[in-house]
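Reader: I am new to this structure and would like a close look at a single part of it, chosen by you and described slowly, together with whatever helps me to place that part in the whole. Please keep the reasoning visible as you go along.

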Amino acid sequence: MRLIALLAAALLAHDAAGGLLDFTAAELRAIERHGPWPPPAPRDPSNRVSGNAEAIAFGELLFFDTRLSPNGAMSCGRCHQPGRAWTDGRRTPGGVIGATGRDALTRNTPTLWNAGFGRWFGWGGGSDTIWSFSLRPIRHPLEMGSSAAHMARTLRADPELACRYRRVFGEAGKPDEALLVDVVKAIAAFVETLVSARSPFDEFRDALARGDRDAAARYPLAAQRGLRRFVGEGNCSVCHFGPAFSNGEFGDIGVPFFVPSGVDSGRYAGIQRLRADPHNLLGRFNDRPGDAGAARTRHVQLQPRNFGEFKVPGLRNVAKTAPYMHDGSLATLSDVVKHYSELDENRLHTEGERILRPLRLSPQASADLVAFLESLSDTGRYVSGAPSRCASRRVQ
Amino acid sequence: MRLLTVLLTMGLALAPAAAPAAAELPIFDAHVHFSHDAADQIALSDAVAILRKAGLKGALVSSSDDAGTQKLYEAAPDIVVPELRPYRRRGEIGSWVRDATVIDYLEARLKRYQYAAIGEFHLYGADADLPVPRRMVELAKQHDLMLHAHSDADAVERLFAQWPQARILWAHSGFDQPQKVRAMLRKHTNLWADLAFRTDQASGGKVDAEWRKAFEEFPDRFMVGTDTFTPERWYFIGEHADWSREWLKDLPPALAERIAWKNGEDVIRAAFARRR
Ligand SMILES: [Zn+2]
């Protein structure tokens, strides 16, 4: 017993003292591709106020303003809470909205960290911009249950909101629908600014990139081993690709997708919704119609494999965004790793080169992978950027 | 009880009204599974409603185990054509080729029920010559059944070597290139191919040029299929029928009809009719 305790202590000490795995050249290249971080701030060419400081401040106010919902109780921030990494910490928002059962929302509230780097929004990617996506929760009867008319009324009646609107967009005398689109563009400008800060993984990655072995060795060995599996045998990087750990597309990893009313077909319904959406990038609300984004939307094809595919989520700050998956069905990161470890191959229909296979991980290997995922957390906190009141300032 | 009867009668009376418009292209879906987990999660009546609402004229159905297929056949004998899978549960995809008890199972089912085919089974390369698959082929021969093979071209060749008169439905067209599929169809006159879970034959409602050549050269050999490999994909059957109708529009109507349903009727339902 004494001996075991001693050995354990020695192992721990070894871990704490650090060390560096002998990463191969290929592994080093794969690791390097997950940075650098942060990248340049995301910009949305279809949104003329993207990156505009006044719009961002206005959007931040709107994001948290419960008056945008007719019952005065709901805002974006009620579900996307800054203190919970912009999630609600629940399986699905049922508790937030006070609806359960067949009528409840069946999808998990995703984080908004790094949303601005995405190209499709929602678990099924039914929208091609953050601003067009945002019309959904605003109108959805179970979310904010609002309308263009309510939004316009609220905006025109409140001196502060009206003042901010004017400073960003000019006079508020347009049709309500146009005003609503402006509002979501301001909100989107704010959401785009939610870029997570640097994580222990980034320090490691940069240390490796500049050949600083001492600095790199400060990254825990367990995380190093997990990372090696992430870019190697696990094939995780194929989908959780690049600096934001998402290739921005959709995949089927065998998560069931029944819902009380049938199925949530994920990307399949997402493509149908995207095409039918008058606010997509092919529509008249795109502020720069000829852009590459519009071409992407035009070229999306509906394919049988899309049925049951869901968006590949980014993994930065993933330790703070439990529960996991499109339906919030997995409570912890250990559960997620267990899912990949015990993958049900009968649920997958991949031919040719198989990306996913059950990894059959030992407890140690599972813990390593979790340690790596945890190392993607930043220590930053959201600090409100909203400047002093607008209406009291003298504006012309 | 009275109420139930009334409701049921109403349901029946309403059924024709809910049926698809006459103009809609019928579909023979050559790749449907109704395995134990699907049967557990989807009520039989819902499953039948899905088939009818999709406008299916026929469906080649198999399941792990066979109970689901039989239940569905009983509930919709005008649509369902049963085939016998050599699996008792999901998860035998990789192990069945070395599991002799599979043969006992097949023999027991073949004594009790009629089928059009044995399949869909997963079989690759030299595994086709293992004792269990060989014995399965003998059973098919003995009972005059087609084979529905999720296989590479190599395994298909081996099946034909074992039984030159075999009639094989090549699941997913082997996930092979259209040129290779054509070569196989040219070589084997008793080979048909389903297009289940393929996405390369058409994009945005337009048929791929290489595939068009294959369809034109072999108008009598192709069929469409959903492949309900998870219970959830039952809800794709209707979408798949619509998706197929969409790309089939890009072919001459006579050819579209052959692929949509006539080949299924002429080959698969005919094989079943011969057995009964
Ligand atoms: Zn198959």
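Author: Contact, as the word is used here, means that heavy atoms lie within 4.5 Å of each other. By that rule, 24 residues of chain B are in contact with 18 residues of chain A, and it should be said at once that the model is predicted. The area buried between chain B and chain A is about 2,000 Å², with 62% of this area coming from carbon and sulfur atoms. The count of salt bridges between the two chains is one, and a salt bridge that joins them pairs the side chains of B:Glu232 and A:Arg347, with 3.0 Å from N to O.

The part I have chosen for the close look is helix H7 of chain B, which covers residues 153-162. Among its residues, B:Ala153, B:Ala155, B:Val156, B:Leu159, B:Phe160 and B:Gln162 are buried. Within chain B, these buried residues of H7 pack against strands E4, E5 (146-151), E6 (168-170) and E7 (191-194), and also against helices H6 and H8.

Of these neighbours, helix H8 of chain B, residues 178-187, deserves a separate description, since the axes of H7(B) and H8(B) come within 12 Å and cross at roughly 5°. An angle under 35 degrees counts as roughly parallel, and H7(B) and H8(B) are therefore roughly parallel to each other. Where the two helices meet, B:Ala153, B:Val156 and B:Glu157 of H7(B) face B:Lys180, B:Met184 and B:Lys187 of H8(B). Sorted by character, the residues of this contact comprise three nonpolar, three charged and no polar ones.

Helix H7 of chain B also takes part in a salt bridge, in which the side chains of B:Arg158 and B:Asp129 come to 2.7 Å, N to O. This pair links distant parts of the chain, for B:Arg158 belongs to H7(B) while B:Asp129 sits in the loop between strand E4 (117-123) and helix H6 (131-143), 29 residues apart. With a relative accessibility of 26%, B:Arg158 counts as partly exposed, and B:Asp129, at 27%, is likewise partly exposed.

Between strand E6 and helix H8 of chain B runs a loop that holds B:His172. The backbone of B:His172 has a positive phi of about 60° although the residue is not a glycine, and B:His172 counts as buried because its relative accessible area is 0%, where the limit for that word is under 20%.

Elsewhere in chain B, two other buried residues can be described by their contacts. B:Thr228 lies in the loop between strand E10 (222-223) and helix H10 (237-248), and with a relative accessible area of 4% it is buried. Leaving aside residues up to four places away in sequence, B:Thr228 touches B:His31, B:Val32, B:His33, B:Arg233, B:Trp234 and B:Ile237. B:Asp37, in helix H2 (residues 36-41) of chain B, counts as buried at 16% relative accessibility, and apart from residues up to four places away in sequence, B:Asp37 touches B:Arg90 and B:Pro231.

To set the salt bridge of H7(B) in a wider frame, the structure holds 54 salt bridges over all chains. One of them joins A:Arg119 to A:Glu249, with the closest N and O atoms 3.0 Å apart. A:Arg119 lies in the loop between helices H5 (94-97) and H6 (130-139) of chain A, and A:Glu249 in the loop between helix H13 (236-239) and strand E1 (250-251), so this pair ties together parts that are 130 residues apart in sequence. Another salt bridge in chain A brings together the side chains of A:Asp176 and A:Arg156, at 3.2 Å from N to O. Here A:Asp176 belongs to helix H9 (residues 176-191) and A:Arg156 to helix H7 (residues 148-157) of chain A, and the two residues are 20 apart in sequence. Chain A also contains a network of salt bridges that links A:Arg48, A:Lys174, A:Asp182, A:Lys185 and A:Asp287.

Conventions:
Residues numbered from 1 in each chain as written. Chains lettered and ligands numbered in written order. Predicted model: local features only at pLDDT ≥ 70, side-chain atom pairs only at ≥ 80, totals over all residues. Heavy atoms only, no water. Salt bridge = Lys/Arg side-chain N within 4 Å of Asp/Glu carboxyl O. Helix = DSSP H or I, 4+ residues; strand = E, 2+ residues; numbered from the N terminus. Buried < 20%, exposed > 50% of the residue type's maximum accessible area, 1.4 Å probe, protein only. Axes fitted to C-alpha atoms, helices over the stretch in contact; angles between N-to-C directions. Parallel < 35°, antiparallel > 145°, perpendicular 65-115°, else oblique. Nonpolar A, V, L, I, M, F, W, Y, C, P; charged D, E, K, R; others polar. Buried area = accessible area lost by both parts, 1.4 Å probe.
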